[in-house]
Amino acid sequence: MSDEHQTDRREVLKNGLALGGVAATAGMPFWSKLALAQGEELVPFTDVPDGYAVAPKAADATHFLDTRYIDSFYTSNDDFYVVQHYGQPQIPVDDYRLRITGLVDRPLEFSLAELKSRDKVEIDAGFECGGNVHNIFHGLIGNAKWGGVRLNDVLRDAGAQDAGIEVVFYGADMGAENIRATDVEQAFARSMHIDDAMRSEVIIAYEMNGVPLPVYHGAPVRLIVPGWYGIANVKWLEHIHVQDRRYMGRFMARDYVTLSKIDVGGVERWDERSVTRIQLKSSIIRVTRRDGSHRITGFVLNDGTPLESVEVKIDNGPWRAAQIDPESSQYSWKLFYLDWDGATPGEHTLVSRVTDINGKVQATVDEMPEKPSRWENYAQFPRTVMIS
Ligand SMILES: Nc1nc2c(c(=O)[nH]1)N[C@H]1C(S)=C(S)[C@@H](COP(=O)(O)O)O[C@H]1N2
Ligand SMILES: [Mo]
């Protein structure tokens with residue numbers, strides 16, 4: 001599907017007009033059934049305030065998706081959400097080098113061409129910002145095909161030493177920080193345990209949906225850690241360092257740290273931990289109507305653990321199993337829908353919940369641990385719609 005078509009489709013969704021000639025049929029990919037068919041229209045949410053609108057993508061600004069208009073498995077590079085903390089560095093490709101240093105037998109340096117000459121892998125990964133929130137209807141989210149080289153191939157070539165237990169990833173973007181009453185300039189950086197870094201799905205990506213990575217998303221090279229919150233995916237990646245102790249920079253140890261009250265070996269303790277694997281989460285993104293029948297659509301994100309079910313509850317009715325996109329892959333987002341028969345006029349409350357194969361069920365707000373920090377919002381999210 002070309003970008004042009006996607007734009008048409010979005011316009012159609014936005015204007016609530018019919019898209020001629022595109023019918024949802026059994027033989028079409030699942031996501032085609034997500035797009036509006038002829039005569040299908042959006043049912044208004046009553047929890048979306050008047051005037052709610054998403055600004056176009058702008059350099060240095062946060063950008064989110066209007067989740068009501070998600071209509072394809074891959075989010076286009078133009079729509080994919082954008083978050084960065086120290087602006088967007090422009091890195092001339094000819095000057096670009098990725099360095100591997102620290103506790104390695106052979107420190108290495110790669111140009112972009114050298115990275116591209118290595119074995120290429122592609123992986124679908126959907127992720128959200130660890131700070132995603134329901135008041136923007138979970139719009140800090142996207143799903144793309146990423147192309148690049150496996151991080152573990154590169155680390156094996158460098159020969160990570162036994163003492164090297166922590167791998168730090170530095171971006172080229174720098175920011176002023178005041179740390180313990182000292183003004184410093186620091187690069188954006190995140191780290192992982194070596195065992196996480198050696199997982200074969202982690203890639204050093206230079207392509208997004210088949211084209212070179214756009215500057216907004218970390219050109220020329222970023223890290224992609226499938227199944228982890230967006231913060232792990234270091235953009236403008238220029239330096240990987242292997243060390244023998246924890247890296248404690250701002251985005252590991254201060255921000256993107258979840259404070260919650262949890263059971264620690266039988267003792268209730270206030271716990272602080274860095275945002276890593278995506279918590280099991282689903283959300284309804286839209287309701288549509290066609291010929292008097294209704295369809296509820298949503299997404300699931302998690303850490304890649306296979307799912308058991310996604311269910312939707314309407315008002316105080318029973319949980320009903322939704323259809324999950326069969327073309328989803330382990331680390332992609334999973335889009336789902338439920339056909340809602342017999343919707344009666346008036347306002348209705350709809351909520352989804354996802355269960356994984358380990359029996360973990362998406363928590364309700366009341367079941368969530370006490371969690372004053374603003375990271376990791378994965379509670380069930382009731383939505384309200386008005387049926388006319
Ligand atoms: N170098 C760098 N990488 C970064 C960030 C950043 O500020 N600098 N922000 C992180 C955060 S918080 C998120 S949510 C994702 C967003 O990736 P995207 O803008 O491509 O969606 O990038 C991560 N990688
Ligand atoms: Mo983020």
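In this predicted model, the lining of the largest pocket is a mixed bag: 6 of its residues are nonpolar, 7 are polar and 8 are charged. The pocket itself has a volume of about 460 Å³. A total of 21 residues line this pocket, and R273, T276, R277, Q279 and E376 are the ones closest to its centre. As for the elements behind that lining, β12 (257–264) and β13 (267–274) are those that give two or more residues to it.

Pockets are open, but the model has enclosed spaces too. Rolling a probe the size of a water molecule over the atoms shows where empty space is left. A search of the whole structure turns up 3 cavities of 30 Å³ or more. The largest cavity holds about 220 Å³ of space. Its lining is made up of 20 residues, with V83, R222, G230, I231 and K235 lying nearest the centre. Sorted by class, the lining of the largest cavity comes out as 11 nonpolar, 6 polar and 3 charged residues.

What sits in the largest cavity? That place belongs to ligand 1. There are 19 residues around ligand 1, and Y81, H85, D173, H217 and K235 come nearest. Going by class, this shell splits into 11 nonpolar, 5 polar and 3 charged residues.

A few polar contacts show how the ligand and the protein meet. K235, already named among the residues nearest the centre of the largest cavity, places a polar side-chain atom 2.5 Å from an oxygen atom of ligand 1. Y81 takes part through its backbone: one of its polar backbone atoms is 2.6 Å from an oxygen atom of the ligand. The backbone of N233 also comes in, with a polar atom 3.1 Å from a nitrogen atom of ligand 1. And how much of the ligand is covered up by the protein? On its own, ligand 1 would expose 530 Å², and the protein buries 100% of that area.

Next in line is the second largest cavity, with a volume of about 40 Å³. The residues lining this one are M192, D196, R199, E201, V202, V225, P226 and W228. By class, they divide into 5 nonpolar and 3 charged, with no polar residues in the lining.

Two spots in the backbone are also worth a look. Most residues other than glycine have a negative phi, and most peptide bonds are trans. Against that background, the peptide bond running from A219 to P220 is cis, and its omega is near 5°. P220 is found in the loop between β9 (211–212) and β10 (222–224). The other spot is D60, which is not a glycine and yet has a positive phi, near 70°. Where along the chain does D60 fall? This residue is in the loop between β1 (41–42) and β2 (98–102). Both backbone spots, then, are in loops: P220 in the one between β9 and β10, and D60 in the one between β1 and β2.

Key. Residues numbered from 1 in each chain as written. Chains lettered and ligands numbered in written order. Predicted model: local features only at pLDDT ≥ 70, side-chain atom pairs only at ≥ 80, totals over all residues. Heavy atoms only, no water. Near = heavy atom within 4 Å. Polar contact = N/O pair within 3.5 Å; in protein donor to acceptor, adjacent residues only side chain to side chain. Areas by Shrake-Rupley, 256 points an atom, 1.4 Å probe, with all protein chains shown as cover. 1 Å grid on protein atoms, 1.4 Å probe; cavity = no way out; pocket = protein on both sides within 12 Å on 5 of 7 lines; lining within 4 Å. Sits in = over half its atoms within 2 Å of the grid points. Nonpolar A, V, L, I, M, F, W, Y, C, P; charged D, E, K, R; others polar. Points joined across faces, edges and corners; volume = space filled by probe spheres on them. Helix = DSSP H or I, 4+ residues; strand = E, 2+ residues; numbered from the N terminus.
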